[in-house]
Amino acid sequence: MSSQQSSHGMTDMTQGRPARLIFFFALPLLVGNIFQQLYNMVDSIVVGRYVGTIALAAVGTGFPLIFMLSSLFMGLGIGATVMVAQYYGAQDHKKVRRTVDTIYTALVVGAIPLTVIGLLLTDPLLWLMNVPADTMADARTYVLIVFGGIVGTLGYNVNAGILQGLGDSRTPLLFLAIACVINIVLDLTFVIVFHMGVAGVAIATIIAQIFSWIFGIFYINRKYPMLQIHPFSFRFDRQLFSQLIRLGIPAGIQQALFSLGIMTLQALVNRYGADFIAGFNGANKLDTFAFMPIQSFCTAVTTFVGQNIGAGRMDRVRSGTRSALVMSWGFCLGANLLLLPFGPVFMRMFSTSPAVIDAGMAYLNRVLPFYFLLALFFTLSSVMRGAGEMMIPMISSILSLWLARVPAAYLLDALFGRDNMFFCYVVGWLVGVIVSGVAYFHGGWRNKAVVTQQS
């Protein structure tokens, strides 16, 4: 197979220039991430403009809770990407198919208990997050409704993980575009026309996600006959599932603990009232836009490394790592040049309140100049993850968050005031770079592949 994308959309990343392959694989991911963020931003813009600041604070408060409880299954999606990429790189199509069957069986069996757990834990977790009394009712409504349809989010992530492992970053973009359009139309309809408030935004979200997931199954089955997803066939391979657990659970734990850390920081932010909460959450939406290029290149390099590890091409892994890092740093510079001078203009999308805008800029001014550390941290972690090394990225993320970011936030808040607590992100990224850098140059991650090389 050539390095060009096949008629089915799959890309063989074991041949051709690494920089070009990573860049063009990352582009659809970047556009998809923009759609994903638009998807989330529309919720915030609609409730902030047409319902109020309290509703905006409620939606922002609920998101990390939802993400935390769904993280373990999202980790399995990451594990699926790595396994599919390595088996595809090794040209073992039978193992690719069996991996897909196994991950879907795990999804169908696990979705119901996850939904029930989420519904039961909503109230105590919101209470632990110090959600203000005036925000609690809307936050609870949003979280409960979204958890009721969380299977759509999980299904989309599984579909995307499988396709990205095959080198197809364009098809998930189609699924996201569909979900985004549906979400925007339903948001405006439910909130402006039917005056359903936060409940309308949440219902729009789950309808869009479930439709996108189901459409994705039909589309994949038509475009990729070799896969043929049948969610209720319950074809299951214990050996592949054990590999999936080894790869996916550390990634899931990493994301869950990361979300728990965000909730801990959100609890600190929540002490300062609805205006500060709304400003922080609005700035977080802009920050997520700035992070998207880094995220896209990291996802691309995970697939690139997975396929080349499967093919035994370690020389290309080193070259791809350098290329992804250079491109990520270029986009970090662009984010600073755009958001630092024009941040207040963008913040007005969410609210025209000076207090909300000032709170948002306090965050952006303290994190954006240090984005190069975040890019280095995530790139090194993604390379190791693509090779099958999941423990080091998990450990570095946990130490970055719990040993550095969370304690620094409370210390900086106490010593230098609420605005300067946001320097805690920089402290965390620096610790992550040190841990990941030492592990990367040590080199043990090179021997973690799920594919056994033939002599």
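These legends walk you through four close-up views of a predicted model. In this predicted model, local features need pLDDT of at least 70 and side-chain atom pairs count only at pLDDT 80 or more, while totals for chains, interfaces and linings use all residues. Residues are numbered from 1 along each chain as its sequence is written, and side-chain values use heavy atoms, with hydrogens and water left out.

**View 1. A nonpolar patch lies on the surface.** Look here for Tyr50, Val51, Leu188, Ile192, Val193, Phe194 and Met196, which together offer about 630 Å² of accessible area. Such areas come from the Shrake-Rupley method with a 1.4 Å probe, and for residues only the protein chains shown count as cover. Patch members have over 30% relative accessible area and no salt bridge (a side-chain nitrogen of Lys or Arg within 4 Å of a carboxyl oxygen of Asp or Glu). Nonpolar side chains (Val, Leu, Ile, Met, Phe, Trp, Tyr) are joined within 5 Å, and like charges within 9 Å. Helix α6 (residues 171–193) gives the most to the patch, with three residues. Helices are DSSP runs (H or I, at least four residues), numbered from the N terminus. Leu188 belongs to helix α6 and is partly exposed, at 36% relative accessible area. On this scale, buried means under 20%, exposed over 50%, and partly exposed in between (1.4 Å probe, protein chains only).

**View 2. Ser296 is tucked away in helix α9 (residues 273–310).** Ser296 counts as buried, with 2% relative accessibility. Its side chain reaches the backbone nitrogen of Leu30 at 3.2 Å. Leaving aside neighbours within four places in sequence, Ser296 is in contact (heavy atoms within 4.5 Å) with Ala26, Leu29, Leu30 and Asn33.

**View 3. Two loop residues have a positive phi without being glycine.** Most residues other than glycine have a negative phi. His195, in the loop between α6 and α7 (197–223), has a phi of about 55° and is exposed, with a relative accessible area of 66%. Gln228 sits in the loop between α7 and α8 (238–269); its phi is near 50°, and it is partly exposed at 23%.

**View 4. Cysteines are present, but the disulfide count is zero.** A disulfide is a covalent bond between the sulfur atoms of two cysteines; here the rule asks for a pair of cysteine sulfur atoms within 2.5 Å. The sulfur of Cys424 is 18 Å from the closest cysteine sulfur, in Cys332, so it is too far for a bond. Cys424 is buried, at 2% relative accessibility, and Cys180 is buried with a relative accessible area of 2%.

Note on methods
Helix = DSSP H or I, 4+ residues; strand = E, 2+ residues; numbered from the N terminus. Polar contact = N/O pair within 3.5 Å; in protein donor to acceptor, adjacent residues only side chain to side chain.
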